[in-house]
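Me: I'd like to go through this model with you, pocket and overall shape. Can you take my questions one at a time?

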Amino acid sequence: MRFDVLTLFPGLFEGFLHESLLSKALQRELLEIHLWNFREWALDKHQSVDDRPYGGGPGMLLGCDPIFRCYEHVQSQTEVPGELIMLTPYGQRLDQSLVEELAEKPRLIFLCGRYEGFDERISLGLKPREISIGDFICNGGEVPTMVMIEAVMRLIPGLLGDEESARKDSFSQEGLLEYPQYTRPQTYRGMSVPDVLLSGDHAKVDRWREEMSRERTQKRNESSRKCE
């Protein structure tokens, strides 16, 4: 699977790309990630990519020309067209079902905004899929892009040491949260592992885990409704 990231700050991804599972996946060529800087497609000597909004208002907007030309260059790099994703606070909410859908794509291209966002004509002309990771504001689209890459890459065959791990993640089974889990020692500071997990009865363990998943999900949903 290929990820292309279009950003003003490719350096933000340096640590992200060289640690943990992602680094190993890149080395094993299970996926590839390419970083592109909008400024390389700016035409003036200052490599300007932003300007003041028409009608006034605070901040600066990313302008059309560098973004369009950068995207068109990146899209042409392979015969496989990539699905363009724009990270915006007003896009489709990211959830596990959407992650599973995106994991079926051979290539994803991410547009990372900055400042006050994009000129609206970028959305109108390039027709990206607009996605939000939640009802809050980040300084830019880079961290949300990292979130999406982390979520999607877990579903790439062969990436995780145990494929069952991804299938049993929270939200992957009927939208349920994952059940509580424990490891050694059996007792720690007065807190003990539930007896059922020590019973050796796998059917009973499975029933307990399903019950705990449903109970945890119900509590989370009730808490969310109270906050609305």
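**Pocket and fold**

Reply: Sure. This is a predicted model, and its largest pocket has a volume of about 430 Å³. Among the 22 residues lining that pocket, the closest to its centre are Leu87, Thr88, Pro89, Ile137 and Cys138.

Me: Which element gives the largest share of the lining of the largest pocket?

Reply: Two elements give two or more residues to the lining: β5 (83-93) and β7 (129-132). Of the lining residues, 4 come from one strand, and that is the largest share. The strand is β5.

Me: How many residues of that lining are charged?

Reply: The lining of the largest pocket splits into three classes. Nonpolar residues number 11 and polar ones 8. That leaves the charged ones, which number 3.

Me: What radius of gyration does the protein chain have?

Reply: For 228 residues, a compact globule would come out near 17 Å. The C-alpha trace here spans about 70 × 45 × 30 Å along its principal axes. The chain doesn't match the globule value: its radius of gyration is 22 Å.

Me: What percentage of the contacts with a separation of 6 or more join residues 24 or more positions apart?

Reply: The chain has 8 helices and 9 strands. Counting its contacts with a separation of 6 or more, the part from residues 24 or more positions apart is 74%.

Me: And how much of the exposed area do carbon and sulfur atoms supply?

Reply: Buried residues make up 39% of the 228 in the chain. The chain exposes about 13,900 Å². Of that area, carbon and sulfur atoms supply 49%.

Definitions and conventions:
Residues are numbered from 1 along each chain as its sequence is written. This is a predicted model: local features need pLDDT of at least 70, side-chain atom pairs count only at pLDDT 80 or more; totals for chains, interfaces and linings use all residues. Side-chain values use heavy atoms; hydrogens and water are left out. On a 1 Å grid over the protein atoms alone, a cavity is a set of points where a 1.4 Å probe fits but cannot get out, and a pocket is an open set with protein on both sides within 12 Å along at least five of seven lines; lining residues have an atom within 4 Å of a point. Grid points are joined across faces, edges and corners, and a volume is the space filled by probe spheres set on the points. Ala, Val, Leu, Ile, Met, Phe, Trp, Tyr, Cys and Pro count as nonpolar, Asp, Glu, Lys and Arg as charged, and the others, Gly among them, as polar. The radius of gyration is taken over C-alpha atoms; the globule rule is 2.2 Å times the number of residues to the power 0.38. Buried means under 20% relative accessible area, exposed over 50%, partly exposed in between (1.4 Å probe, protein chains only). Contact means heavy atoms within 4.5 Å. Accessible areas come from the Shrake-Rupley method with a 1.4 Å probe; for residues, only the protein chains shown count as cover.
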